[in-house]
Every structure is written in C-alpha cells, then in structure tokens.
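Work through the exercises below with the coordinates open, and attempt each task before reading the solution that follows it.

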Amino acid sequence: MKKEVKIAIIAIVILVIIALGVFVATKLTSAEEVGNNPYQMDEIVSEGENNLKNIKIFSSSNERPIAFMIDNNVNAQPQSSINKAFAVYEVIVEGNETRLMALFKGVDVDEVGPMRSSRHYFLDYAMEYDAIYAHLGLSPQADADMNLYRTNNINGQIYDTGKARTNTAKYWRDKSRKAPHNAYTNTSKILEICKEKNYKTTTTKGTPFNYVEHEVELKDSYITANDIKIPYAEKHLVEYKYDEETKRYTRYSKGKKQTDKTDGQDITTKNIIITFAKNHDLPDKEDKGRQQVVTWGTLDGYYITNGKAIKIKCQKNVREEQTKYMDLEGNEIEINDGNTFINICPIDAKVTIE
C-alpha cells in the first residue's frame, strides 16, 4: 500500500475518534446541565412540575386544584373549611372589603363557602396552578377575562337551588344565614360539574412555592414577627398572632378571631406572604367602585414564618405566569411545608410587623 494512502486512512480514523469524543462529551454536559445522571435521562421532571413527593400540604398527585371564591364580609364569617385549603389569597374588592380565594388539592371537602362572585384579578393567581375556578356570579371584567383565557370556571348561579342542601344540590343555601352570605358547595359537587362540562381534572402544573421538607428558620436580615397587622382599609384590618408552641399564626379579621364553621377551630396558618400591589377604581357602567389590582411586575413584600419575617420580591411578568418569590439578592426563597395565606394588599398599606 502506498504511503499516501496509509496516511489518509490514519487521518480519517483520527477524525472519527475526535468526532465521537465530541459527541459523547456534549451528551454528558447536557445531562449535567439538567442535574441528572447521564445514564438516567428518562427521569427528567417535566417543566413546571415540582418535586413534591414528601411535601404534606401540596399533594404530589396530578389532580387539578380547585379555587373557590369565598365571601369575607363580617356576615359571612365564620367561613367553611378554610383550614383545609393549602393556600388562601386575600385581595381587596369594592366597598373597602376583601374576598378570599381558597385552593384545595387532593382533599375531599364537604362544605366550602359562603361562595361569592369573581373579580378578574383573582384569575391571575388561579392560573398559576391551572386551577378549576368556582364562583357564584362574576363582574363584567371577570366575564371578559374568563373568555379571553378560556378559564375552566363554574358559575354557581347556574346551579344554585336557592334552597337548603339536598343530596343532589350542587350549590345550596344555609337558611340560618341571610343572603347573599349563605351559598355553599363542595369539592365533590364541583367535580361532578367538571365531568358534565368535560373539563380536565388532572394537571402537571406545580406550585409557585418552593416548598422544602426541612424546617425553614429565617436568619439573615430577619424581622421579629409575632404580631402582623395589615390594614386593607380604615375599617378592615387583618391581623396574625404567633403561637410559639404550635409555630403557627392565628388569624383575626376586623378585630375578631376567625374560626372555621365546620369544626369551630381557629383559622391558623404556617406561612404568610404579603405582596404590595397598586389598585384603583375601575370606571364601568355599573359604577360600583370595582377595583383594578396590578398583580404583575416586580412587587415588594414579606415572607413570614416561625415568628420571623424577611423582605422579598414577588416577580410575575405576565398575568398567567407563576409568581417567583425571591429574597433581595434574587434567590428563590424556601417555604415551610404548611398552609399559606397570601395577602395582596394596597401598595400604601401601613403594614406593621412586631
């Protein structure tokens, strides 16, 4: 064989070996970048899914959460099953009142309410969980946005019997209370309606909260947080008081301790998140003083747990995106395994933490 041919063959072999080396190195690097063993690529978690296997408060099952719009007027208290929700959002509405949106996942809850009508900005948080959205009536803005985002919603006005509870009633009235603060439903009836409407009841979407198994004890730049006061309006004060023995906060509204109608227990929470958001009156034909609340952007706030608080940033670029909760250095904060009240309060609210 001629010398030139041998040289050419050797060169080709060398090039093939180099190419194979580059290919293998690229695969290994890609595997490392996603944080997986390169020989177990089939175990990569899908986008938006959290590792919640050992978290108790947020079921790792693929069941869709259900978000319920709940009345927070003094005549609606005590409400039903608030303690069984993994998260409760409180946001201002017209008349210097607030409403609650309670989220349940993987639990069978026999009574939820009193149910009230939707406001459009609550959708911004329901979408973070791909939640089924249950309500009793809706504002014109909420109606438009549900159509825009094709929200899987259940309007109780269609199902409300106006009568006492029966085995077949999907929404019913508690005659011991005055309307409109006396409408109720439950998780099983909402799922029945979902089946009728052909709504999907599973999801791969996780939670915006970075839950961790270990106990989070805030250390750096913390503020003592035994008593938290959040004034939504002059006559609407929300307060949380810390219990060192239980490591939980008891909730007060308008000067009264809140309890659960179903069992008489105090309403308590493990975590509190405060987010300061701009709000203003919306001009509409009904002139009811309904609100616009700006939920997106980078908003200031606090994370509170175990008697301590830290300042945080709450970042949400678009309405349907999950909020990221970060410390002031831009690191995602760890959240204790336990229920969370998220108080979206006016940007000029004089919140005190002591």
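**Exercise 1. Determine how far strand β3 is enclosed, and which strands pair with it.**

Solution. The model is a predicted one, and the first step is to go through strand β3, residues 98-104, one residue at a time, taking buried to mean under 20% relative accessible area. By that cut-off 7 of its 7 residues are buried, so β3 is largely enclosed by the rest of the structure.

The second step is to sort the side chains by direction. In a regular strand the side chains alternate between the two faces of the sheet. Here Thr98, Leu100, Ala102 and Phe104 point one way from β3, while Arg99, Met101 and Leu103 point the other way, and all of them are buried.

The third step is to find the pairing partners. Strand β1, residues 66-70, pairs with β3 in the antiparallel sense over 5 bridges, and within this pairing Phe68 has Ala102 as its bridge partner. Strand β2, residues 87-92, is also antiparallel to β3 and is joined to it by 6 bridges, with Ile92 standing opposite Thr98. The hairpin of β2 and β3 has 5 residues between the strands, and in it Gly95 takes a positive phi near 75°.

**Exercise 2. Locate Ala85 and state which residues it contacts, leaving aside neighbours within four places in sequence.**

Solution. Begin with the position along the chain: Ala85 belongs to the loop between β1 and β2. Next, check its accessibility, which is 1% in relative terms, so that Ala85 counts as buried. Then take a distance: Ala85 and Ala102 are 17 residues apart in sequence, yet their C-alpha atoms are 5.8 Å apart in space. Finally, list the contacts, which are Ala102, Leu103, Phe104 and Asn339 once neighbours within four places in sequence are left aside. Ala102, Leu103 and Phe104 are residues already met among the buried side chains of β3.

**Exercise 3. Carry out the corresponding analysis for Gly156.**

Solution. Gly156 lies in the loop between β5 (153-155) and β6 (172-173). Its relative accessible area is 0%, so Gly156 is buried. A separation of 15 residues along the chain lies between Gly156 and Tyr171, whereas their C-alpha atoms are 6.3 Å apart. When residues up to four places away in sequence are not counted, Gly156 touches His135, Leu136 and Tyr171.

**Exercise 4. Describe the surroundings of strand β15 and of Thr275 within it.**

Solution. Start from the strand as a whole: β15 is mostly covered, with 7 of its 7 residues buried. Asn271, Ile273, Thr275 and Ala277 point one way from β15, and Ile272, Ile274 and Phe276 point the other way.

Turn next to its partners. With strand β18, residues 297-305, the pairing is antiparallel over 5 bridges, and Ile274 stands opposite Tyr302. With strand β22, residues 340-346, the pairing is parallel over 7 bridges, and Phe276 stands opposite Cys345.

Then narrow the view to Thr275, which at 3% relative accessibility counts as buried. Not counting residues up to four places away in sequence, Thr275 touches Leu299, Asp300, Gly301, Cys314, Asn343, Ile344 and Cys345.

**Exercise 5. Find how many cavities of 30 Å³ or more there are, and characterise the lining of the largest cavity.**

Solution. The count comes to 1 cavity of 30 Å³ or more, and the volume of the largest cavity is about 40 Å³. Its lining consists of Tyr125, Thr275, Thr295, Leu299, Cys314, Gln315, Lys316, Thr323 and Tyr325, which brings back Thr275 of β15. By class, the lining has 4 nonpolar, 4 polar and 1 charged residues. Strand β19, residues 308-316, supplies the largest share, 3 residues.

**Exercise 6. Characterise the largest pocket and the largest nonpolar core.**

Solution. For the largest pocket, the volume is about 410 Å³. Its lining comprises 16 residues, of which Leu218, Lys219, Asp220, Ile310 and Asp327 lie nearest its centre. Sorted by class, this lining has 6 nonpolar, 2 polar and 8 charged residues.

For the core, a general tendency is useful: in soluble globular proteins, nonpolar side chains tend to be buried together. The largest nonpolar core has 84 residues, and Tyr89, Met101, Phe209, Ile228, Ile274 and Ile304 touch the most other members. As a last step, follow Ile228, whose contacts beyond four places in sequence include Ile272, Ile274 and Ile304.

Technical notes:
Residues numbered from 1 in each chain as written. Predicted model: local features only at pLDDT ≥ 70, side-chain atom pairs only at ≥ 80, totals over all residues. Heavy atoms only, no water. Buried < 20%, exposed > 50% of the residue type's maximum accessible area, 1.4 Å probe, protein only. Helix = DSSP H or I, 4+ residues; strand = E, 2+ residues; numbered from the N terminus. Pairing = 2+ DSSP bridges. 1 Å grid on protein atoms, 1.4 Å probe; cavity = no way out; pocket = protein on both sides within 12 Å on 5 of 7 lines; lining within 4 Å. Points joined across faces, edges and corners; volume = space filled by probe spheres on them. Nonpolar A, V, L, I, M, F, W, Y, C, P; charged D, E, K, R; others polar. Core = buried A, V, L, I, M, F, W, Y, C linked by side-chain atoms within 4.5 Å. Contact = heavy atoms within 4.5 Å.
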